[in-house]
Amino acid sequence: METETYNPFLNAQKQFDSVAELLNLDSGTRELLRRPMKEQHFTIPVKMDDGTTQVFQAYRIKHNDARGPAKGGIRFHPQETADTVRALSMWMTWKCAVVDIPLGGGKGGVICDPHNLTKAEQERLCRGYVRQLYGQIGPVLDVPAPDVMTNGQHMLWMMDEYEKLMGGHFPGVITGKPVGMGGSLGRTEATGYGVIYTLKGLLEYMNLPAANTTASFQGFGNVAEYAARMYTELGGTVIAVSCWDQEDAKSYTYRKLAGCDIDELVSIKNTFGSIDKNKAQDLGYEILPGDEWICQEVDILIPAALENQITPDTCAQMSPKVKIICEAANGPTTPDSDAILQSKNVVVLPDFLCNAGGVTCSYFEQVQCNMNYFWSKEEVLEKLEYSMTNAFAAVNELAQDKKLSLRDAAYVIAINRVVDAVKLRGWV
């Protein structure tokens, strides 16, 4: 799907500007909150296994930390841009605020494709990233986490490098680490489960039993996998899953009208979320073009991959049956699509509420690390469900009371909390 014509940072600013107008924010507060407070652009020289040196462009951007230390993932992606990182850092500010955790928004990225790097090269890249930033990150400053194409091993290398440079143990410097090395039980499932906790709240409000619904997913990485698992456990039926095929450098949609077996699909996917199309075909799945996920006759569309996937053009391809778009990805819907979806009576669960389970559980990990006491998985997931359910209930109540979309209601709650923090601090 076309993504080049939409700039994610301009999208994020447009979304903020419309709510700032609604809230009648003063010009100083608007200027402070519509752009990042600090940006770091830097290069990382990495000695490759063949003896050559490759230089990678990297970013760490802090949008706002009035409510607490900045929090946000580090992405490894060949098409990473400064504007993408800016947008994601901004959305992280609202995400932390809407679920009411005491953190601000940050984000990081490296322009690279880890598929093309050996394990040793990836380790050197991770350690080089921290060497460039170690004075700017920390448990009370800025706490990174994994994101697109990064994982717990990458975070552990980064933590280890930070601890070497600082001369001590600081497990709270980074989250998303492996369990047993400062990671939290439940973190693997957290973002996907959080998506379905909010969806469950919406379905209950709409008086629509999950068992009577069908869904189509874009993406089959960690978030989509666990969202699909919980959705099917609630009785829902996944009709189609679209994901990237590394070998063919294109995406495919895997469809089974009787319902996809999530465990079966997981068993034939790789660590980057790509499904083996030959094995899928042998198991009875139809192999369709990647864009077909959005055209399916389902009740719920769950974009769980890239930004800018739901545009005016793709809105026209949606089935009239679609009732809900559940934004598991960051920024999957362009601002000019919201009005179209409203006219179609499609309810959008906004990304920075819907996928906030990840940062909420990362906050739990940070708390556990800082006090050196770890909770059971059941306790973590119980706290996560409580946080996500309460956040959805507050957003939905405001939306109904003020006749707002769920996105605008979530923004009103989040922005008001950040505005209160910057004003109480005397920044504006």
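Reader: What phi does N24 take, just after α1?
Author: A positive one, about 55°. Helices here are DSSP runs of H or I, at least four residues, and strands are E runs of at least two, numbered from the N terminus. This is a predicted model: local features need pLDDT of at least 70, side-chain atom pairs count only at pLDDT 80 or more, and totals for chains, interfaces and linings use all residues. Residues are numbered from 1 along each chain as its sequence is written, and side-chain values use heavy atoms, with hydrogens and water left out.

Reader: And the other end. What caps the N-terminal end of α1?
Author: N7 does. Its side-chain oxygen lies 2.8 Å from the backbone nitrogen of F9.

Reader: Which residues of α1 are buried?
Author: P8, F9, N11, A12, Q13, Q15, F16, V19 and A20. Buried means under 20% relative accessible area (1.4 Å probe, protein chains only).

Reader: What covers them?
Author: The cover includes α2 (27–33), α3 (82–98), α11 (335–343) and α15 (406–424). Contact means heavy atoms within 4.5 Å.

Reader: Whole chain now. How many helices and strands?
Author: 15 helices and 12 strands.

Reader: How much of the chain is buried?
Author: Buried residues make up 58% of the 428.

Reader: Contacts at least 6 apart in sequence: what share join residues at least 24 apart?
Author: 71%.

Reader: What box do the C-alpha atoms fill?
Author: Roughly 55 × 55 × 45 Å, along the principal axes.

Technical notes. Buried < 20%, exposed > 50% of the residue type's maximum accessible area, 1.4 Å probe, protein only. Polar contact = N/O pair within 3.5 Å; in protein donor to acceptor, adjacent residues only side chain to side chain.
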